Amino acid sequence: MKRKTSNAEWPTIRWIGDGRVKEDAPEYGAARKTDSTSNAQRPTSNVQRKRNLRFDLEERLLEFSARIIRLVDALPNTRAANHVAGQLLRSGTSPYGHHGEVEAAESRKDFVHKLKVCLKELKETKRWLRLVQKSEMLPEKSVAPILAENEELIRIFFTSIRTAEQNSK
């Protein structure tokens, strides 16, 4: 029966140029015996990243803005709904754009100010979402999840502002 070789036992082949290659000895030492787990059974870094998802506020704000757009497009075509839709579209997509400004802040004071602008827009969005919910322009099941996400984003920005202010003292 043929023995399987691990990647560590294969020589490293590097491109030198002019059509030449250089073959080196194995980097991790072929003489060293490792466990018998094949590479197919070992988790790769990409697999590990999926298990340990990193929190990314920019992605979350992008998804929130997209959800706001979809919600606004689902509103009925009435005078009241069109008014609310315009307000909700502006305030609900604004935090994503302002977050880019936060990342480019020129000082700690500027950073805190721009975070506060994002928080203000999220609070305004919350009010418009509550109005949509109360006026029953859309079913409860379509408004409740985005309202919950809005609330979480408000908490995140509130905590970030408090932390940044404490760190500046």
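Two residues are in contact when heavy atoms of one lie within 4.5 Å of heavy atoms of the other, and that is the sense of the word throughout this tour of a predicted model.

**The whole chain**

Begin with everything displayed as a cartoon, where the protein shows 5 helices and 2 strands, and where reading along the sequence gives the pattern β-β-α-α-α-α-α. If you switch to a surface, the protein exposes about 12,400 Å², with carbon and sulfur atoms supplying 52% of that area. Buried residues make up 27% of the 169 residues. Among the contacts with a separation of 6 or more, 62% are accounted for by residues 24 or more positions apart.

**Select H99**

Now select H99, which lies in helix α3, a helix that covers residues 79–103. Is H99 buried or exposed? It is buried, because its relative accessible area of 9% falls under the 20% cut-off. Display the side chains around it and, leaving aside neighbours within four places in sequence, you will find H99 in contact with L57, E58, L61, C118 and F157.

**Step across to E58 and Y96**

From that list, take E58, whose place is in helix α2. The C-alpha atoms of E58 and H99 are separated by 7.2 Å, although the two residues are 41 residues apart along the chain. At 33% relative accessibility, E58 counts as partly exposed. Not counting residues up to four places away in sequence, E58 touches Y96 and E103 as well as H99.

Add Y96 to the selection next; this residue is found in helix α3 and, at 30% relative accessibility, counts as partly exposed. Which residues does Y96 contact, leaving aside its neighbours within four places in sequence? They are E58, L61, L62 and S65. For one of these, L61, a C-alpha to C-alpha distance can be checked in the viewer: Y96 and L61 are 5.2 Å apart in space and 35 residues apart in sequence.

**The largest nonpolar core**

Clear the selection and turn to the largest nonpolar core, which has 30 residues, and in which I68, L71, L75, L88, L129, V132 and F157 touch the most other members. Colouring by helix is useful here, since α2 (57–74), α3, α4 (108–134) and α5 (140–167) each supply at least two residues of this core. F157, named here as a core residue, is also one of the contacts of H99.

Centre the view on L88, and leave aside its neighbours within four places in sequence. The residues in contact with L88 are then I68, L71, V72, T93, T125, W128, L129 and V132.

**T125 and the packing of α2 against α4**

Move from L88 to T125, whose place is in helix α4. At 0% relative accessibility, T125 counts as buried. Leaving aside its neighbours within four places in sequence, T125 is in contact with F64, I68, L88, S91, G92 and N150.

Next, show α2 and α4 together and hide the rest. Two packed helices are described by the angle between their axes and the distance between the axes. For α2 and α4, the angle is about 30° and the axes are 13 Å apart, which makes α2 roughly parallel to α4. The crossing in which α2 passes α4 is left-handed. To see the residues where the two helices meet, select F64, I68 and L71 in α2 together with L122, T125 and L129 in α4.

**α4 against α5**

Keep α4 in view and replace α2 with α5. How are α4 and α5 oriented, roughly parallel or roughly antiparallel? They pack at an angle of about 160°, with their axes 9 Å apart, and that makes α4 roughly antiparallel to α5. Here too the crossing is described by its hand, and α4 passes α5 in a left-handed crossing.

**Last stop: E136**

Finish in the loop between α4 and α5, where E136 is found. Most residues other than glycine have a negative phi. The phi of E136, by contrast, is near 60°, a positive value in a residue other than glycine. With a relative accessible area of 67%, E136 is exposed, whereas T125, at 0% relative accessibility, counts as buried.

Technical notes
Residues numbered from 1 in each chain as written. Predicted model: local features only at pLDDT ≥ 70, side-chain atom pairs only at ≥ 80, totals over all residues. Heavy atoms only, no water. Helix = DSSP H or I, 4+ residues; strand = E, 2+ residues; numbered from the N terminus. Buried < 20%, exposed > 50% of the residue type's maximum accessible area, 1.4 Å probe, protein only. Areas by Shrake-Rupley, 256 points an atom, 1.4 Å probe, with all protein chains shown as cover. Core = buried A, V, L, I, M, F, W, Y, C linked by side-chain atoms within 4.5 Å. Axes fitted to C-alpha atoms, helices over the stretch in contact; angles between N-to-C directions. Parallel < 35°, antiparallel > 145°, perpendicular 65-115°, else oblique. Left-handed = near helix turned anticlockwise from the far one by under 90°.
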